[in-house]
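Reader: Could you take me through this model and set each label you use against the value behind it?

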Amino acid sequence: MNLLRTRIHHLVDQLADEDLPSTWAAVYNLHCDCYMLKAIEQAKRSQQPWDILTQEEAIRQLMYFGSET
């Protein structure tokens, strides 16, 4: 882990200041993508056949959750 941390710091030090915001945006998007993929995989593993909603049921649920606020 220390080796990776050192390498990342070295890469960041090589970036120009004006490139930092766009680089951070790209890294953040990748982080979010990985987070969502892990959540999707976990949901697929725990999903049961009776967990699936029809389109009408899903719309009713969305309308119900939207009216609570």
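The exchange below goes from the overall fold to single residues and then to the pocket.

Reader: What kind of model is this, and how confident is the predictor in the residues of the chain?

Author: This is a predicted model, and the chain averages a pLDDT of 87, with 94% of the residues scoring at least 70. Among the elements, α1 has the highest mean pLDDT, 92, whereas helix α3, residues 55–67, has the lowest, 83. As a general caution, predicted coordinates should not be read in detail where pLDDT is low.

Reader: Which secondary structure does the chain have, and in what order do the elements run?

Author: The secondary structure comes to three helices and zero strands, and from the N terminus on the order is α-α-α.

Reader: What makes you call the chain more spread out than a compact globule?

Author: The globule rule gives 11 Å for 69 residues, and the radius of gyration of the chain is 20 Å, which is well over that value, so the chain is described as more spread out than a compact globule. Taken along the principal axes, the box filled by the C-alpha atoms is roughly 55 × 30 × 20 Å. As for the accessible surface, it comes to about 6,900 Å², and 62% of this belongs to carbon and sulfur atoms. Of the 69 residues, 0% count as buried, a label that requires a relative accessible area under 20%.

Reader: Why is S67 called exposed, while Q61 is called partly exposed?

Author: The label "exposed" asks for a relative accessible area over 50%, and because S67 has 54%, S67 counts as exposed. Q61 has a relative accessible area of 37%, and since "partly exposed" covers the range between under 20% and over 50%, Q61 is therefore partly exposed. Q61 has its place in helix α3, and S67 lies in helix α3 as well.

Reader: How far apart are the C-alpha atoms of S67 and D13, and those of Q61 and R45?

Author: For S67 and D13, which are 54 residues apart along the chain, the C-alpha separation is 49 Å; for Q61 and R45, 16 residues apart along the chain, the C-alpha separation is 23 Å.

Reader: Which residues line the largest pocket, and how do they divide into nonpolar, polar and charged?

Author: The largest pocket, with a volume of about 160 Å³, is lined by I8, L11, V12, L15, L20, T23, W24 and V27. The elements giving two or more residues to this lining are α1 (2–14) and α2 (20–46), and α2 gives the most, with four residues. The lining residues divide into seven nonpolar, one polar and no charged.

Note on methods: Residues numbered from 1 in each chain as written. Predicted model: local features only at pLDDT ≥ 70, side-chain atom pairs only at ≥ 80, totals over all residues. Heavy atoms only, no water. 1 Å grid on protein atoms, 1.4 Å probe; cavity = no way out; pocket = protein on both sides within 12 Å on 5 of 7 lines; lining within 4 Å. Points joined across faces, edges and corners; volume = space filled by probe spheres on them. Nonpolar A, V, L, I, M, F, W, Y, C, P; charged D, E, K, R; others polar. pLDDT = per-residue confidence, 0-100. Rg over C-alpha atoms; globule rule 2.2 N^0.38 Å. Buried < 20%, exposed > 50% of the residue type's maximum accessible area, 1.4 Å probe, protein only. Areas by Shrake-Rupley, 256 points an atom, 1.4 Å probe, with all protein chains shown as cover.
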